[in-house]
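Please examine the sequence and the structure shown below. The report that follows discusses selected features under short headings.

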Amino acid sequence: PPTMAEGEGYRNPTEVQMSQLVLPCHTNHRGELSIGQLLKWIDTTACLSAERHAGCPCVTASMDDIYFDHTISVGQVVNIKAKVNRAFNSSMEVGIQVVSEDLCSEKQWSVCKALATFVAHRELSKVKLKQVIPLTEEEKTEHGVAAERRRMRLVYADTIKDLLTHCVIQDDLDKDCSNMVPAEKTRVESVELVLPPHANHQGNTFGGQIMAWMENVATIAASRLCHAHPTLKAIEMFHFRGPSQVGDRLVLKAIVNNAFKHSMEVGVCVEAYRQEAETQRRHINSAFMTFVVLDKDDQPQKLPWIRPQPGEGERRYREASARKKIRLDRKYLVSCKQAEVALSVPWDPSNQVYLSYYNVSSLKTLMAKDNWVLSVEISEVRLYILEEDFLSFHLEMVVNVDAAQVFQLLSDLRRRPEWDKHYRSVELVQQVDEDDAIYHVISPALSGNTKPQDFVILASRRKPCDNGDPYVIALRSVTLPTHHETPEYQRGETLCSGFCLWREGDQMTKVSYYNQATPGFLNYVTTNVSGLSSEFYNTFKACESFLLDNRNDLAPSLQTL
């Protein structure tokens, strides 16, 4: 039971911990733990967690963005904790937390968080992994959001390619051209021979070892630009395209793609070949690393500009600028806490994937909370309330309609005025893709207001990732340049709301509606608590009638669900 899980004695069965004392042999010239060594430890810990769940050998498939918030000094302890957030068919998402500890002062600092994907490998048979069963609120949140992160990873390469094609980059016009370094001067090439200590017992090279070699050549390239000792601040999401084994020769190439005022991007590419006679090299992976140069007060110093080589060099230079913008958008949306994000985030194609991710993961996070309190139950409709940073509502009922039909009927917001009197009219502004759409909604005036309200809402819908998952329809406000506030309407905002639909059996669906109240709505709520219960109830009952009346209209369109 969840109550046991929250207690002192509970520990996630896949959790693995590693503690390492940082010795001089692990450090760089500044007496700080080299990131290459840290990546090896991170990868080993995560791999052992994945193998504990899978019961068979696992290999690193990908690593999400890692931001290094803190350096670790010689003599300190590194504590690494890894656990499997979710298992899919043959792959797993492993969450990793790294904390440094000063043994003298007993202080602790968060160094970084990482998310890695591992794939289970058996020699002869295909692996089908068992599900992870989340118990605590944190585990339920990570489990729910892991499906959304996986979706983002799968489209990541295409997303970046698409954005790079459309991204307009403002070049720095005030560059001091006298202090420009030709990019070619930063180019590094190095070869490594994969030996048994670099690989697991099946002979596959450790992902962490390859990452450490990549960090080494990237650091040399960065040093050639700044003639100083650079500090690695971030590694962008990357995946291993193919395996590498003992006996491989790995060729690692690095070059500074672009230098901004206080940071630079280094591109690293890894290729493998078996013997000198082998003409075809295998592309193992590519990664982009961001470095800064810190002064004695740990402040980033100004960097020289880079002069890219014509052609390929100029393409990498432009793409580095685009990636910087995308990375900032992504970091803001993906790592923010609910309370820190502005109510309406501007929507544009460059942050579309991350806004959609944030929209769905906010709803799944709200859904996983374990302190919902049952406020009232009126003939099988339950109203729950949650008081945290915001006041949130959760309504629940079971309807005699198939979940796929409910999903189809509720995910088209244009039909909502048929049952919800708070939606006077709905216009589809933009069909972003198959699963995301932006709507302009007009609502009647709230009590005390003369003007009707309007909303610009991003609706993101998701089919279940596997059997135990709900269908999800997530809603949040966005701002669009084409739909500014107008004098005739009072612009309203929704931070996080939507539906989760659970299949309860043949032709039975549990419909859960969630709404995180915004400050404007709160004033309305506090004066109408008892009235609100009956209003919610009436609206939800109208929703049930709508679903029952329309459940037979959809047969042809349900084939895809």
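## Val478 and its surroundings

In this predicted model, Val478 has a relative accessible area of 2%. Because the limit for a buried residue is under 20%, Val478 counts as buried. Val478 belongs to strand S22, which covers residues 471-479. Val478 and Val456 are separated by 22 residues in sequence, yet their C-alpha atoms are 5.9 Å apart in space.

## Aromatic pairs

Strand S22 also contains Tyr471, a member of an aromatic pair. A search of the whole structure finds six aromatic pairs. One of them is formed by Phe407 and Tyr471; the pair is tilted, with 4.8 Å from centre to centre and 35° between the planes. Phe407 lies in helix H7 (residues 403-411) and Tyr471 in strand S22, so this pair ties together parts that are 64 residues apart in sequence. Both Phe407 and Tyr471 are buried.

A further pair consists of Trp419 and Phe499, and its geometry is edge-to-face: the centres are 6.3 Å apart and the planes make an angle of 65°. This pair links distant parts of the chain, 80 residues apart. Trp419 lies in the loop between H7 and strand S19 (425-431), while Phe499 lies in strand S24 (residues 496-505). Trp419 and Phe499 are both buried. Together with Tyr513, these two residues form one aromatic cluster.

## A six-stranded sheet

Six strands make up an open sheet in the order S3-S9-S13-S12-S11-S8, with antiparallel pairing. Strands S3 (66-67) and S8 (188-193) stand at the edges; each has a single partner strand, so one side of each is left without a neighbour in the sheet. In a regular strand, the side chains alternate between the two faces of the sheet.

Strand S12 (residues 264-273) is mostly covered, as nine of its ten residues are buried. Strand S11 (residues 249-259) is joined to S12 by ten bridges, and the two run antiparallel. Within this pairing, Ile255 stands opposite Gly267 in S12. S11 and S12 form a hairpin, with four residues between them. S12 is also joined to strand S13 (residues 282-292), in this case by nine bridges, again in an antiparallel arrangement. Here Cys269 stands opposite Ser286 in S13.

Strand S13 is further joined to S9 (residues 231-235) by four bridges, and these strands run antiparallel. Thr231 stands opposite Val292 in S13. Helix H4 (residues 207-226) lies across S8, S9, S11, S12 and S13, and runs at about 40° to S11.

## Charges over aromatic rings

Two basic side chains are placed over aromatic rings. Arg323 lies over the face of Phe288, at 3.5 Å from the ring centre. Lys324 lies over the face of Phe260, at 4.6 Å from the ring centre.

## Helix H2

How far should the 20 residues of helix H2 span at 1.5 Å a residue? The expected span for H2 (residues 35-54) is 28 Å, and the C-alpha atoms at its ends are 28 Å apart, which agrees. Helix H2 is mostly covered, since 16 of its 20 residues are buried. H2 is followed by Gly55, whose phi is positive, near 75°.

Methods: Residues numbered from 1 in each chain as written. Predicted model: local features only at pLDDT ≥ 70, side-chain atom pairs only at ≥ 80, totals over all residues. Heavy atoms only, no water. Buried < 20%, exposed > 50% of the residue type's maximum accessible area, 1.4 Å probe, protein only. Pairing = 2+ DSSP bridges. Contact = heavy atoms within 4.5 Å. Axes fitted to C-alpha atoms, helices over the stretch in contact; angles between N-to-C directions. Expected span 1.5 Å × (residues − 1). Phe/Tyr/Trp six-rings, centres within 6.5 Å; stacked < 30°, edge-to-face > 60°. Lys NZ or Arg CZ within 6 Å of the ring centre and 35° of its normal.
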